[in-house]
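User: I am in my first year and would like a close look at a single part of this protein, explained slowly. Please take me through one sheet and whatever surrounds it.

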Amino acid sequence: MADVEHTIGLLLGTEDDWPRAYEALLRRVGAIKDDNGRTHDVRSERVTIEPFNLRDQPKHSLVIDRLAYWYYHPREWLKKISMMNDVYLLNSPFTFQSMEKHTAYCAMIRLGLKVPETVLVPYKNPLDNSRYAYTSARYNEPFDLDETAAQVGYPMFMKPYDGGAWVGVSKIRNADELHTAYDASGERLMHLQASVEGYDVFARSLTIGPETMVMKFRPELPMYDRYAVSHDFLTPETGDEVITISRLINAFFRWEFNSCESLIKGTEVYPIDYANACPDVAVTSLHYYFPWAMAALLRWTVFCVVTGRKPRLDMNTADYFAIGDRDDLSYAEKLAGYRRLADEYFEIEKYQDFCARHLSHVDEMVHDWVSSPEFRTLLDQTVRSTYPEHEQQRFLAHFGGLMDAWLRDNA
């Protein structure tokens, strides 16, 4: 029997593919002996939603949250177990609630990132609040939507200040489209953000703990084909900048399982969307990159619980702003400073040493599992539950071929 047992909770919504993959791989990790000679056993369980006493002692050492960004009861449970019981959460529910996309833009603009010109406009329709009419009549300044849009410039995007999954996002090319989109926004609070026209690459970077995968993304294609299997689509310098921005954002906001979208035009990197604390990790989306995501998630969560990494509810924004506010530093020097802070937060050297000593078998283990009948059953069942019957054989061949390519490339 292990000296220490850890339970990792999976707080889930509708997904079943990656949780099954994670559970299967975690069972294969085996016991881990720490530097003090203690043996650690790590297991997982799916979290159920039920009443909870604020003085309850949770059994989890860590929880992977995929639900609380919209379901508030488990969000409050996460706040309780992190604040009162030091349960480790990969994404802080505190910052994700209070520092949604709008605040994320503000912080990164102050740090000097090349966020496109962005304006927040008032609600189109009155709020359902008895005090609104009085407040609006007395304090709301009338504004000219066309004049405001002119400050941003066409083409632009209108998108919710706190939204996700591309819901409510419209590309605006002229005044007619502007007014149509604004009229349709209703009680949603919206940004107007300048479009980066003529960009060369749309990159989506998925970061899990201190590991980042930068992928070429094609948002105009169906979800199953948006991630291109391409390994050298960025120069080493630009790729490293995208990684730095991704890890900076995650360390700054305490989001350790998050994706960042950036547009690359020439040598310029424009981060356009990076508050995605429930990033897409479905096997039918990531396909070729799915095994990497599972391996990274496995490594980071095991590292956190075995080493006793403590949750950081406090923020060190002042450390980042101290770099960002300096006029004597170039953009490259600021990025280097942010990278140092992010690496310190993620304990890069400690993590790499831990993985080398205790988890060096994970990549081979994941490869063996992806080539096993168990994974093919998971893929088959996922495809059949996702696509209509007349398309299933096509997608089984599509995703099966992509996984075969990953197996060959990572043999």
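User: In which sense do S6 and strand S9 pair, and over how many bridges? Please go on from there to the rest of that sheet.

Analyst: Please keep in mind throughout that this is a predicted model. Strand S6 and strand S9, the latter made of residues 190-194, pair in the antiparallel sense, and four bridges join them. One place to find this pairing is valine 121, which stands opposite methionine 190 in S9.

These two strands belong to an open sheet of four strands, whose order is S6-S9-S7-S8 and whose pairing is antiparallel. Strand S6 (118-121) and strand S8 (170-172) are the edge strands, since each of them pairs on one side only. If you follow the sheet from strand to neighbouring strand, you will find that neighbours are turned against each other by 25° on average, with direction ignored.

Two helices lie across this sheet. Helix H4, which covers residues 101-110, lies across S6, S9 and strand S7 (156-160), and it runs at about 40° to S9. Helix H7, made of residues 175-185, lies across S6, S7, S8 and S9, and its direction is at about 150° to S8.

The loop between H7 and S9 is worth a pause, for leucine 189 has its place there. Leucine 189 has a relative accessible area of 15%, and because buried means under 20%, this residue counts as buried. Leaving aside residues up to four places away in sequence, leucine 189 touches Leu120, Val121, Pro122 and Tyr123, and also Lys159, Pro160 and Tyr161. Among these contacts, Val121 is the residue that stands opposite methionine 190 in S9. For a sense of distance, the C-alpha atom of leucine 189 is separated by 46 Å from that of arginine 28, and the two residues are 161 residues apart along the chain.

On the way into S7 there is a further detail in the backbone. Proline 155 is found in the loop between helix H6 (145-152) and S7, and a cis peptide bond, with omega about -10°, joins tyrosine 154 to proline 155. This is worth noticing because most peptide bonds are trans.

For comparison, you may look further along the chain at another set of paired strands. Strand S10 (residues 201-208) and strand S11 are joined by six bridges and run antiparallel, with leucine 206 standing opposite methionine 213 in S11. Between the strands of this hairpin there are two residues, and glycine 209 in the hairpin takes a positive phi near 60°. S11 also pairs with strand S12 (residues 227-228), in the antiparallel sense and over two bridges, and here lysine 216 has alanine 228 in S12 as its bridge partner. Strand S11, which covers residues 211-217, is largely enclosed by the rest of the structure, because five of its seven residues are buried.

A positive phi is also found away from glycine. Most residues other than glycine have a negative phi. Arginine 254, in the loop between helix H8 (236-253) and strand S13 (257-265), has a positive phi near 65°, and at 2% relative accessibility arginine 254 counts as buried. Glutamate 347, in the loop between helix H12 (331-346) and helix H13 (348-358), has a positive phi near 50°, but at 27% relative accessibility glutamate 347 counts as partly exposed.

Methods:
Residues are numbered from 1 along each chain as its sequence is written. This is a predicted model: local features need pLDDT of at least 70, side-chain atom pairs count only at pLDDT 80 or more; totals for chains, interfaces and linings use all residues. Side-chain values use heavy atoms; hydrogens and water are left out. Two strands pair if DSSP finds at least two bridges between them. Axes are lines fitted to C-alpha atoms, for helices over the stretch in contact, and angles run from 0 to 180 degrees between N-to-C directions. Contact means heavy atoms within 4.5 Å. Buried means under 20% relative accessible area, exposed over 50%, partly exposed in between (1.4 Å probe, protein chains only).
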